[in-house]
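Open the model in your viewer and set it to a cartoon view. Keep a selection box at hand for the stops below.

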Amino acid sequence: MKGSLKARMAADLIRHEDPETVMALVDALLPTIVEVLPKADLNAFIERLFVNHLELLLRDFDRVERAELLEKVLPVIAREFPLADVDLSVK
């Protein structure tokens, strides 16, 4: 889909919007994605977002900025995931 017409049109639209509009678009689209995707596909979507795109999302963040962001998001992750049931050892 990366080279599809729809993807190129969406990317072009987003490139010409201000950051606030882009954020509002993401906020509007995510609930629809959750409603439309079956659970298995939603699981794959979330995994793909982190595995394939986390490095991209953080590419311009230095170590201090990454730590500051982690301080903000880690409590949310800890609240939503059963961390006591997960092996967090580095693999």
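The tour goes from the whole chain to single side chains.

**Whole chain**

Bear in mind throughout that this is a predicted model. Start with the cartoon. The chain has four helices and zero strands. Trace the cartoon along the sequence and the pattern reads α-α-α-α. The radius of gyration is 16 Å, well over the 12 Å that the globule rule gives for 91 residues, so the chain is more spread out than a compact globule. Draw a box along the principal axes: the C-alpha atoms fill roughly 45 × 35 × 25 Å.

Now switch on the surface. About 8600 Å² of the chain is accessible. Carbon and sulfur atoms account for 64% of that area. How many of the 91 residues count as buried? The share is 2%.

**Helix α1: D12 and R15**

Select residues 5-15, which make up helix α1. Show the side chains of D12 and R15. They meet in a salt bridge, with 3.0 Å from N to O. Why are these two separated by about one helical turn? Because D12 and R15 are three residues apart in helix α1. Colour by accessibility next. D12 has 40% relative accessibility, so it counts as partly exposed. R15, at 61%, counts as exposed.

**Helix α3: a nonpolar face on the surface**

Move to α3, residues 39-57. Select I46, L49, F50, V51, L54 and L57. Together they form a nonpolar surface patch, with about 550 Å² of accessible area. Centre the view on L49, which sits in helix α3. Is L49 buried or partly exposed? At 36% relative accessibility, L49 counts as partly exposed.

**The loop between α3 and α4**

Step on to the loop that joins α3 (39-57) to α4 (63-80). Two residues are worth a stop here: L58 and D60.

Take L58 first; its place is in this loop. L58 has a relative accessible area of 15%; the cut-off for buried is under 20%, so L58 is buried. Add L69 to the selection and draw a C-alpha to C-alpha distance. L58 and L69 lie 9.8 Å apart in space and 11 residues apart in sequence.

Then pick D60, found in the loop between α3 and α4. With 65% relative accessibility against a cut-off of over 50%, D60 counts as exposed.

**A negative patch**

Keep D60 selected and add D62, E65, E68 and E71. These five gather in a surface patch of negative charge. Zoom out to see the charges of the chain as a whole. There are 12 positive and 17 negative charges. Their mean positions are 7 Å apart.

**Last stop: R79 and E80**

Select R79 and E80. Their side chains meet in a salt bridge, at 3.3 Å from N to O. R79 and E80 are both exposed. How many salt bridges does a search of the whole structure find? The search finds two. One joins D12 and R15, and the other joins R79 and E80.

Terms used
Residues numbered from 1 in each chain as written. Predicted model: local features only at pLDDT ≥ 70, side-chain atom pairs only at ≥ 80, totals over all residues. Heavy atoms only, no water. Patch = residues over 30% accessible without salt bridge, like charges linked within 9 Å, V, L, I, M, F, W, Y side chains within 5 Å. Areas by Shrake-Rupley, 256 points an atom, 1.4 Å probe, with all protein chains shown as cover. Salt bridge = Lys/Arg side-chain N within 4 Å of Asp/Glu carboxyl O. Lys, Arg positive; Asp, Glu negative; His and termini not counted. Charge placed at Lys NZ, Arg CZ, Asp CG, Glu CD. Buried < 20%, exposed > 50% of the residue type's maximum accessible area, 1.4 Å probe, protein only. Rg over C-alpha atoms; globule rule 2.2 N^0.38 Å.
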